[in-house]
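Q: Let's go through this one by asking what earns each label. Could you start with the yardstick and then set the values against it?

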Protein chains: 2
Amino acid sequence: MASGEKLPSGAMDIHAEAEPLRLEGFLPYRLNMLATEVSQTLARAYGRKFGISIPEWRVLATLGQFGVMTARDIGGHSRMHKTTVSRAVAALEKRRLIVRRANRADMREAFLALTDAGTAIYQEIVPMARAFSDSLCAGLSETELRQMNALIDKLAERVASLGTG
Amino acid sequence: MASGEKLPSGAMDIHAEAEPLRLEGFLPYRLNMLATEVSQTLARAYGRKFGISIPEWRVLATLGQFGVMTARDIGGHSRMHKTTVSRAVAALEKRRLIVRRANRADMREAFLALTDAGTAIYQEIVPMARAFSDSLCAGLSETELRQMNALIDKLAERVASLGTG
DNA sequence: ATTTGATCGTTTCAAGTGAAACAAACTCAC
DNA sequence: GTGAGTTTGTTTCACTTGAAACGATCAAAT
């Protein structure tokens with residue numbers, strides 16, 4: 001390099017210090033902060049009221065939506081680890097909020113479904129969750145909400161391809 | 001109720017079953033799926049390479065950005081639990097990636113800062129994190145990126161008020 | 001100076017988590 | 001059928017996490 005020549009903001013100098021990363025502007029960090037806060041705020045609400053953990057709520061929610069499912073399908077749909085599903089299912093069965101019925105065509109798996117008590121709790125939590133989500137979205141216009149969902153879809157697709165590819 | 005009179009989609013019937021919640025369209029659920037996937041994909045990258053956990057990376061990143069801080073400030077800024085910070089700091093200090101210096105004006109707290117080795121690792125991880133974030137955002141236009149950030153801000157503000165209020 | 005109450009940080013303890021190992025049940029080729 | 005490999009779900013183990021209790025320090029009031 002010619003002496004006396006100034007580097008254009010260090011771009012060519014491999015020994016230059018990297019710009020520090022501004023966390024407040026770093027998308028993965030921002031996403032995580034938001035999601036954690038949202039998740040925990042909601043979980044505090046139904047946790048206090050029904051003694052339900054997050055994995056248990058996810059199992060209830062999945063069965064409430066789809067009716068009858070195997071543990072494997074629940075895990076696949078809600079992206080929970082199979083051990084997490086196994087334990088949540090065991091806890092819910094013990095409290096008689098779900099029932100397990102054998103699949104005689106495949107004895108490895110079992111069909112899971114909400115009991116009446118489970119359905120009752122589910123139907124109490126759902127409006128609560130809806131109210132929370134609604135009041136969370138209350139600051140957003142219809143357009144912004146659509147944008148948000150479209151952006152989440154795009155990013156989810158993107159990160160999936162980064163993980164595997 | 002007058003017999004033969006139809007309820008408008010059950011709106012007035014308190015015994016009507018609630019509509020099941022569609023999880024795929026439920027914002028808190030969607031946000032959490034995305035953030036978890038993003039966080040873990042990035043963590044796998046620097047975790048494999050440097051043996052750094054997520055809390056440890058957050059401490060490094062915070063110190064890298066702000067220079068000198070107390071454990072309390074790190075926790076406050078990155079919203080980590082003080083015990084999580086305490087243990088991450090202990091681990092990083094043991095590996096001599098950060099140093100702890102007494103604040104003689106307040107002996108409860110201590111000033112933390114990156115060592116040369118810590119700075120070196122930080123400056124290796126930062127470009128990695130930037131590359132990840134960039135390739136995550138590669139599918140978004142400049143406008144979409146601005147929108148995403150604005151929407152995250154709005155929702156974060158909103159959830160904060162829901163938690164306290 | 002002493003007391004009171006708040007704050008910083010660590011440690012303890014109980015609960016939750018995933019990787020790995022595992023048993024049981026299935027499929028398919030032979 | 002028998003055996004090899006796969007799949008479902010549980011259990012074990014090691015690790016992480018946060019609530020609570022704790023020691024140490026500080027600030028304010030008396």
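A: Sure. A residue counts as buried when its relative accessible area is under 20%, counting protein chains only. Keep in mind that we're looking at a predicted model.

Q: So why is Cys137(B) called buried?
A: Its relative accessible area comes out at 13%, and the cut-off is under 20%, so Cys137(B) makes it into the buried class.

Q: And what makes Cys137(A) buried or exposed?
A: The computed value is 11% relative accessibility. Set that against the limit of under 20%, and Cys137(A) is buried.

Q: How many disulfides are there over all chains?
A: Zero. To count, a pair of cysteine sulfur atoms would have to lie within 2.5 Å, and no disulfide turns up in any chain.

Q: On to the rings. How do you describe a pair of aromatic rings?
A: You give the distance of the centres and the angle of the planes. Over all chains, this structure has three aromatic pairs.

Q: Why is the pair of Tyr46(A) and Trp57(A) called tilted?
A: The centres sit 5.6 Å apart, and the pairing limit is within 6.5 Å, so the two rings pair. The planes make 40 degrees; stacked needs under 30 and edge-to-face needs over 60, so tilted is what's left.

Q: What does that pair tie together?
A: Tyr46(A) belongs to helix H1 (residues 27-50) of chain A, while Trp57(A) belongs to helix H2 (residues 54-66) of chain A, so the contact joins parts eleven residues apart in sequence. As for cover, Tyr46(A) has 4% relative accessible area and Trp57(A) has 5%. The buried class is under 20%, so Tyr46(A) is buried and so is Trp57(A).

Q: What makes Trp57(A) and Tyr122(A) stacked?
A: Their ring centres are 6.5 Å apart and their planes meet at 25 degrees. Stacked means planes under 30 degrees apart, so that's the name this pair gets. It links distant parts of the chain: Trp57(A) is in helix H2 of chain A and Tyr122(A) in helix H5 (residues 116-137) of chain A, 65 residues apart. Tyr122(A) is buried at 3% relative accessibility. Put together, Tyr46(A), Trp57(A) and Tyr122(A) make one aromatic cluster.

Q: Over in chain B, how do you know that the span of helix H2 agrees with its number of residues?
A: Count 1.5 Å for each residue after the opening one. For the 13 residues of helix H2 (residues 54-66) of chain B, that predicts 18 Å, and the end C-alpha atoms are 18 Å apart, so the two agree.

Q: What makes H2(B) mostly covered?
A: Ten of its 13 residues are buried, among them Trp57(B), Leu60(B) and Gln65(B). Just past the helix, Gly67(B) has a positive phi of about 85 degrees.

Q: Now the DNA. Which residues come closest to strand D?
A: 19 residues surround DNA strand D, and the closest are Arg72(A), Ser86(A), Thr84(B), Arg87(B) and Met107(B). Of the strand's atoms within 4 Å of the protein, 60% are sugar and phosphate.

Q: What makes the approach of Thr84(B) to DNA strand D a polar contact?
A: A side-chain N or O atom of Thr84(B) lies 2.3 Å from a phosphate oxygen of the strand, and the limit is within 3.5 Å, so it qualifies. Lys82(A) goes for a base oxygen instead, at 2.9 Å from its side chain. Ala110(A) uses a backbone N or O atom, 3.4 Å from a phosphate oxygen.

Q: Which helix gives the most to the surface near DNA strand D?
A: H4(A), with four residues. By type, this surface has four nonpolar, six polar and nine charged residues.

Q: And which polar contacts hold for DNA strand C?
A: Among them, Arg72(B) puts a polar side-chain atom 2.4 Å from a phosphate oxygen, the side chain of Ser86(B) has an N or O atom at 2.5 Å from one, and His81(A) does likewise at 3.1 Å. The limit is within 3.5 Å, so these pairs qualify. Four residues, the largest share of the surface near DNA strand C, come from H4(B).

Methods:
Residues are numbered from 1 along each chain as its sequence is written. Chains are lettered from A and ligands numbered from 1 in the order in which they are written. This is a predicted model: local features need pLDDT of at least 70, side-chain atom pairs count only at pLDDT 80 or more; totals for chains, interfaces and linings use all residues. Side-chain values use heavy atoms; hydrogens and water are left out. Rings of Phe, Tyr and Trp (its six-membered ring) pair if their centres lie within 6.5 Å; planes under 30 degrees apart count as stacked, over 60 as edge-to-face and the rest as tilted. Helices (H or I, at least four residues) and strands (E, at least two) are DSSP runs, numbered from the N terminus. Buried means under 20% relative accessible area, exposed over 50%, partly exposed in between (1.4 Å probe, protein chains only). A residue is near a molecule or strand if one of its heavy atoms lies within 4 Å of it. A polar contact is a pair of N or O atoms within 3.5 Å; within protein, one must be able to donate a hydrogen and the other to accept it, and residues adjacent in sequence count only if both atoms are side-chain atoms. Ala, Val, Leu, Ile, Met, Phe, Trp, Tyr, Cys and Pro count as nonpolar, Asp, Glu, Lys and Arg as charged, and the others, Gly among them, as polar.
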